[in-house]
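Good morning, and thank you for the time on today's agenda. I should like to take the group through one model, starting with a single term and ending with the overall fold.

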Amino acid sequence: MKQLTANEVKELLTKQDLNIVDVREVDEVKEGKIPGAMNIPLGLLEFRMHELDKSKEYIMVCRSGGRSGRASQFLESQGFKITNMTGGMLAWEGDVE
């Protein structure tokens, strides 16, 4: 599984648009998410993965990196190109929306 730190993701965001999927629960996301990230709670990922495009690369995010790691493994097994953001939102020092 490919991984990036929160700082590496923040740096990439200054250079290009990224497809970020936040797998935290809706109430967690209300406290702030990476600008532009889409929210698909981990428990709903299997039912909503049709919303994702296998031709694109996605960065998975959660609170600390555990749930996004599980999401990354699942989506990789389904043929998606995935990178996990280690440390999650606890390590995020960029803007939030």
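By contact I mean that heavy atoms lie within 4.5 Å of each other. Please also keep in mind that this is a predicted model.

With that term in place, let me begin with Thr83, which lies in strand E5. Which residues does Thr83 touch, leaving aside its neighbours within four places in sequence? They are Lys2, Gln3, Leu4, Tyr58, Ile59, Met60 and Ser72. Thr83 counts as buried because its relative accessible area is 6%, and the cut-off for that class is under 20%.

The next residue is Asn84, also placed in strand E5, which spans residues 81–86. Is Asn84 buried or exposed? Asn84 is buried, at a relative accessible area of 4%. Its contacts, again without neighbours up to four places away, include Met1, Lys2, Gln3 and Leu4. Asn84 also meets Met60, Gly65, Ser68, Gly69 and Ser72.

Met60 appears in the contact list of Thr83 and in that of Asn84, and I turn to it now. Met60 belongs to strand E4, residues 57–61. With a relative accessible area of 0%, Met60 is therefore buried. Beyond four places in sequence, Met60 touches Val21, Val23, Ser68, Ala71, Ser72, Leu75, Ile82, Thr83, Asn84 and Met85. One of these partners deserves a remark: Val21 is 39 residues from Met60 along the chain, yet their C-alpha atoms are separated by 5.0 Å.

Let me now widen the view to the whole protein. How many helices and strands does the protein have? There are 4 helices and 5 strands, and from the N terminus the order reads β-α-β-α-β-α-β-α-β.

On contacts overall, among those with a separation of 6 or more, 65% join residues 24 or more positions apart. Of the 97 residues, 39% are buried.

As to dimensions, the C-alpha atoms fill a box of roughly 30 × 30 × 20 Å along the principal axes. The radius of gyration is 12 Å, which agrees with the value near 13 Å for a compact globule of 97 residues.

Finally, the surface. The accessible area comes to about 5,500 Å², and carbon and sulfur atoms hold 48% of it. The protein has 13 positive and 16 negative charges, whose mean positions are 2 Å apart.

Thank you; I welcome your comments.

Note on methods. Residues numbered from 1 in each chain as written. Predicted model: local features only at pLDDT ≥ 70, side-chain atom pairs only at ≥ 80, totals over all residues. Heavy atoms only, no water. Helix = DSSP H or I, 4+ residues; strand = E, 2+ residues; numbered from the N terminus. Buried < 20%, exposed > 50% of the residue type's maximum accessible area, 1.4 Å probe, protein only. Rg over C-alpha atoms; globule rule 2.2 N^0.38 Å. Areas by Shrake-Rupley, 256 points an atom, 1.4 Å probe, with all protein chains shown as cover. Lys, Arg positive; Asp, Glu negative; His and termini not counted. Charge placed at Lys NZ, Arg CZ, Asp CG, Glu CD.
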